[in-house]
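Visitor: I should like to be guided through a protein model by means of questions and answers. May we begin by looking at it?

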Amino acid sequence: MTGSLGIEEKRRDIIYGVLYKITISLLFLLIFIIVFDILIPALLPPEYRSVFEERINIMHLISYLSVFLSLNIVDYVLGKHPVAIPIRLLSKFLLLLIVLDALSYGKLHGSIVYNDYVISIYFDISKPLYVLIIITLVLGFLDAFKKISGEEV
Amino acid sequence: MYAPLKLGIYLLGAVILLGLLSPLIVFTLETLTNPGVIMFRIKSAKNIDEEHYSVTISLVYNGTVTLYDVQVIIGNKTILTIPKLENGKEYITTINITKQDLKVASNGYILRFNIGGLYDFKYSVKKVEKK
């Protein structure tokens with residue numbers, strides 16, 4: 001009786017955990033859309049808005065996020081199993097890929113037509129992205145080591 | 001053991017990122033609030049002979065962040081190079097250009113520089129040819 005109750009409790013924990021992961025991913029998607037699709041274009045002058053609006057492809061983002069969510073759920077269900085380590089690393093790198101893709105891998109460019117002139121702007125912001133890549137790699141490996149050592153992350 | 005280490009990495013990362021992004025944020029805000037941060041203009045143009053002109057160019061910068069490797073490109077020619085442009089500085093130079101270059105300049109130019117030695121920036125203006 002106690003055994004079946006334990007299994008039931010474990011199953012409930014897994015379901016809550018999966019729901020938590022789904023909620024977090026949806027929140028991430030919402031924050032991403034608010035920042036990149038609403039907030040940043042709103043701060044830009046009207047003539048530059050079109051440059052930024054072309055940047056974000058929501059369908060692209062949703063497909064990335066579906067894979068990210070699936071990896072997160074598999075990682076959660078696997079728990080402390082060693083297979084979960086590469087899956088966790090993969091999900092972290094995928095998250096990084098979403099950010100890098102949204103920022104065109106640091107090479108931002110766009111053009112607008114103003115009166116009789118085409119004004120083109122090119123920005124190279126790859127340096128802060130290198131830092132972001134290093135931080136993600138370090139945190140990813142730290143999480144992996146934590147999992148190997150047996151501590152819950 | 002891992003929690004303080006993770007927090008430390010997050011904090012260190014945030015500080016480095018903020019430090020790296022600060023010149024870009026300051027420059028972007030200054031450009032958005034004041035369109036006259038960088039003013040590039042041709043002060044005078046005199047004929048030397050039938051094909052050549054002596055042109056005096058002025059470049060004024062009123063931003064806080066130092067700009068490096070400032071280049072003004074007309075057509076395929078770099079007509080002006082300034083290694084370092086600081087706040088409040090006006091750079092005046094006289095160059096000799098051909099009649100053809102002057103014609104190209106009226107159709108567009110490229111302004112290229114590096115913000116705070118960290119971010120390459122290119123701004124190009126090109127006249128649309130009407131059919």
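Guide: The questions below concern the two chains, their interior and some individual residues.

Visitor: What kind of model is this, and how are its parts numbered?

Guide: Chains are lettered from A and ligands numbered from 1 in the order in which they are written, and residues are numbered from 1 along each chain as its sequence is written. This is a predicted model in which local features need pLDDT of at least 70 and side-chain atom pairs count only at pLDDT 80 or more, while totals for chains, interfaces and linings use all residues; side-chain values use heavy atoms, with hydrogens and water left out.

Visitor: In what order do the elements of chain A run?

Guide: Helices (H or I, at least four residues) and strands (E, at least two) are DSSP runs, numbered from the N terminus. Chain A holds five helices and two strands. From the N terminus on, the order is α-α-α-α-β-β-α.

Visitor: What percentage of the residues in chain A is buried?

Guide: A residue is buried under 20% relative accessible area, exposed over 50% and partly exposed in between (1.4 Å probe, protein chains only). Of the 153 residues in chain A, the buried ones make up 36%.

Visitor: How much area do chain B and chain A bury between them?

Guide: A contact requires heavy atoms within 4.5 Å, and 28 residues of chain B are in contact with 27 residues of chain A. Tyr2(B), Lys6(B) and Ile9(B) supply 24% of the area that chain B buries against chain A, more than any other three residues. Buried area is the accessible area (1.4 Å probe) that two parts lose on being put together, summed over both. With 70% of it on carbon and sulfur atoms, the area buried by the two chains is about 2500 Å².

Visitor: Which residues of the largest nonpolar core touch the most other members?

Guide: In soluble globular proteins, nonpolar side chains tend to be buried together. A nonpolar core is a set of buried Ala, Val, Leu, Ile, Met, Phe, Trp, Tyr and Cys residues joined through side-chain atoms within 4.5 Å. One of the residues asked for is Ile115(B), whose contacts beyond four places in sequence include Phe123(A), Leu67(B) and Phe121(B). Among the 53 residues of this core, those touching the most other members are Phe123(A), Leu67(B), Val70(B), Ile79(B), Phe113(B) and Ile115(B).

Visitor: Which residues line the largest cavity?

Guide: On a 1 Å grid over the protein atoms alone, a cavity is a set of points where a 1.4 Å probe fits but cannot get out, whereas a pocket is an open set with protein on both sides within 12 Å along at least five of seven lines; lining residues have an atom within 4 Å of a point. Grid points are joined across faces, edges and corners, and a volume is the space filled by probe spheres set on the points. The count comes to one cavity of 30 Å³ or more, and the lining of the largest cavity divides into eight nonpolar, no polar and no charged residues (Ala, Val, Leu, Ile, Met, Phe, Trp, Tyr, Cys and Pro count as nonpolar, Asp, Glu, Lys and Arg as charged, and the others, Gly among them, as polar). These lining residues are Ile42(B), Val55(B), Ile57(B), Ile74(B), Ile79(B), Ile97(B), Leu102(B) and Ala105(B).

Visitor: Which element gives the most to the lining of the second largest pocket?

Guide: The second largest pocket has a volume of about 260 Å³. Of its 14 lining residues, the closest to the centre are Asn107(B), Gly108(B), Tyr109(B), Val125(B) and Lys126(B). The lining holds seven nonpolar, four polar and three charged residues. With four residues, the element that gives the most is β7(B).

Visitor: Why does Thr93(B) count as buried?

Guide: Thr93(B) is found in strand β5 (residues 90-98) of chain B. Leaving aside neighbours within four places in sequence, Thr93(B) is in contact with Val55(B), Thr56(B), Ile57(B) and Leu80(B). Thr93(B) counts as buried because its relative accessibility is 18%.

Visitor: What is the phi of Tyr105(A)?

Guide: Most residues other than glycine have a negative phi. Tyr105(A) lies in the loop between α4 (84-102) and β1 (107-114) of chain A, and counts as partly exposed at 43% relative accessibility. Although Tyr105(A) is not a glycine, its phi is positive, at about 55°.

Visitor: Is Lys103(B) buried or exposed?

Guide: Lys103(B) is found in helix α2 of chain B. Its C-alpha atom is 9.7 Å from that of Ile74(B), 29 residues apart in sequence. With a relative accessible area of 57%, Lys103(B) is exposed.
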